[in-house]
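This report describes the fold, the aromatic contacts and one helix of a protein model. Please consult the sequence and the structure alongside the text.

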Amino acid sequence: MHCLFLGIAKWIVKRIWVDMGVLSSNNLNNIQKKINEFQVPADLGRIPGKIYCGEGFSNFTADQWGIFISIYATVVLWEYLEEVDRKILTYFVQICHLFVNRILKTKSLDEIHKKIVNVVTLIEKKYGRNVITPNLHLSLHLSACSHDFGSLYAFWCFLFERMNGILGSLSNSHRQIEPELMRRLINDNRINKMIYTENNSKGLEILNTRQSVGSLSEMDQFGHDEMRRFWMYSRTIQESTISGKEPFPGEMLKPFSENIPLSADGILDLMIAYYNDTYENLKFRKPFETDSLNSIIIPLKINKYCRYRIGSEIFGSTFSLRHQKSSYILAKFASEDDSIDIYPGQIQFFFVYEISTNRINMENHYLTYVRWYKKIKNRFYFGINQEQMCNVELWDTEFYPKSRNCIIPVHHILGRFVPVKYKISDRKNAKEYLAVNPINRKYNLR
């Protein structure tokens with residue numbers, strides 16, 4: 001990944017676009033102002049706040065270059081680039097989005113290789129052979145490496161660098177560092193054995209003292225099979241029979257509120273519509289209604305939660321302003337013509353709903369209440385020849401009216417995105433849109 005980010009991303013942005021005058025110092029100032037408008041979740045990591053200082057983009061690490069390319073680059077650079085440079089950016093962003101996934105389809109590797117060839121070809125045609133570096137040549141072999149050894153996440157060097165950073169920050173005499181660190185690890189392990197009588201200590205606890213962010217976020221205690229099964233829930237939306245009661249590799253997180261009336265949020269009718277659609281063979285109704293005596297009565301109270309965790313990812317909601325930056329999500333919907341599309345929305349709250357669908361046992365359903373953004377005609381503004389190639393899309397800043405689709409199982413959440421306001425025109429009264437930048441750390445959303 002150092003080849004991809006420090007070797008290529010840094011070279012394209014700094015040595016070609018900045019040094020060759022494509023991005024001026026005034027452009028860099030405007031780019032920084034736009035970057036400051038992004039609402040980035042805390043676990044995503046941060047990039048340096050003064051990209052306009054010095055030579056521009058100074059002191060970026062490989063991980064920070066990865067975040068910049070995946071989240072910021074398309075929106076902040078687009079208006080300053082010509083058509084060829086926009087193609088280079090679009091192809092490279094797609095390459096990075098696919099390569100950093102932890103779950104990568106084999107057939108995607110051929111697509112990645114073609115895009116890398118396109119990037120190198122475009123750079124050579126516009127800027128000449130002199131700018132073709134060894135890293136650009138080495139990138140042509142990345143797909144073959146993934147074919148042989150799996151996704152790049154499995155063997156990149158970020159984890160080793162993090163371990164070295166943690167070990168290097170520990171106090172020592174600067175004389176015999178290795179033996180001192182080993183003694184400390186052995187002593188900590190002995191203490192753990194004394195504390196945990198059932199011999200269930202993890203060992204090397206010294207390495208788990210910091211929360212991982214960015215590319216180093218871990219899958220926690222959930223195994224590959226659990227995550228893959230949950231991944232398939234959100235992918236196969238047409239065949240999905242998920243109702244919300246199925247197990248999932250995560251949990252609802254505090255703070256929460258118990259026994260909140262459904263009428264307080266105005267979603268009682270939406271809940272009835274949701275359950276009637278989900279359980280086609282059953283009929284649900286409000287209390288005290290007599291239109292169908294064989295129908296199941298909907299309970300009137302729910303337990304509301306602010307946050308929800310899947311693996312190492314935490315999804316927030318507007319129910320807690322502190323976690324609002326993580327409340328922007330993507331989910332798939334099937335249209336009447338059987339087409340599948342991805343919609344962005346903002347989670348209002350999570351809730352656990354207890355109801356009996358078999359008239360015997362009460363079952364918990366894990367659901368979320370989401371407001372979905374409206375589509376616009378110019379949705380694929382960031383694209384090449386109006387083709388759907390860019391990872392960033394433009395949507396309206398307004399929500400669709402409340403409907404039954406506002407309630408979905410947590411299993412159908414596809415991922416998060418970073419929102420930022422964007423204007424296509426420089427006019428003062430130009431309409432403001434919402435740029436949707438997918439956070440694609442676990443698997444490719446498409």
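The account below moves from the whole chain to the aromatic rings and then to helix 1.

**Overall fold**

The model is predicted. The protein contains 12 helices and 12 strands. Of its 446 residues, 50% are buried. When contacts between residues at least 6 apart in sequence are considered, 69% of them join residues at least 24 apart. The exposed area is about 22,800 Å², and carbon and sulfur atoms supply 49% of it.

**Aromatic pairs**

A pair of aromatic rings is described by the distance of the centres and the angle of the planes. Across the whole structure, 28 aromatic pairs are found. Two of them are set out in the table.

| Pair | Arrangement | Centre to centre | Angle between planes |
|---|---|---|---|
| Phe-38 and Tyr-72 | tilted | 4.7 Å | 50° |
| Phe-57 and Phe-68 | edge-to-face | 5.1 Å | 70° |

The pair of Phe-38 and Tyr-72 links distant parts of the chain, 34 residues apart. Phe-38 lies in the loop between helix 2 (25-35) and helix 3 (62-77), whereas Tyr-72 belongs to helix 3. Phe-38 has a relative accessible area of 7% and, because buried means under 20%, is classed as buried. Tyr-72 is also buried, at 4%.

In the other pair, Phe-57 lies in the loop between helix 2 and helix 3 and Phe-68 lies in helix 3, so the pair ties together parts that are 11 residues apart in sequence. Phe-57 and Phe-68 are both buried. These four rings belong to one aromatic cluster, which also includes Phe-60 and Trp-65.

**Charged side chains over rings**

Lys-304 sits over the face of Phe-349, 4.3 Å from the ring centre. Arg-416 lies over the face of Phe-315, with a distance of 5.8 Å from the ring centre.

**Helix 1**

Helix 1 (residues 2-18) has 17 residues, yet its end C-alpha atoms are only 20 Å apart. A straight helix would reach 24 Å at 1.5 Å a residue. Helix 1 also has a kink of about 45°, centred on Trp-11.

How many of the 17 residues of helix 1 are buried? The number is 12, and the helix is mostly covered. Among them are Cys-3, Leu-4, Phe-5, Gly-7, Ile-8 and Trp-17, and Lys-14 is also one of the buried residues. The packing partners of the buried residues in helix 1 are helix 2, helix 3, helix 4 (83-99), helix 5 (106-127), helix 6 (134-138) and helix 7 (142-149).

Methods
Residues are numbered from 1 along each chain as its sequence is written. This is a predicted model: local features need pLDDT of at least 70, side-chain atom pairs count only at pLDDT 80 or more; totals for chains, interfaces and linings use all residues. Side-chain values use heavy atoms; hydrogens and water are left out. Helices (H or I, at least four residues) and strands (E, at least two) are DSSP runs, numbered from the N terminus. Buried means under 20% relative accessible area, exposed over 50%, partly exposed in between (1.4 Å probe, protein chains only). Contact means heavy atoms within 4.5 Å. Accessible areas come from the Shrake-Rupley method with a 1.4 Å probe; for residues, only the protein chains shown count as cover. Rings of Phe, Tyr and Trp (its six-membered ring) pair if their centres lie within 6.5 Å; planes under 30 degrees apart count as stacked, over 60 as edge-to-face and the rest as tilted. A charge sits over a ring if NZ of Lys or CZ of Arg is within 6 Å of the ring centre and within 35 degrees of the ring normal. The expected span of a helix is 1.5 Å times one less than its number of residues. The bend at a residue is the angle between axes fitted to the seven residues ending there and the seven starting there.
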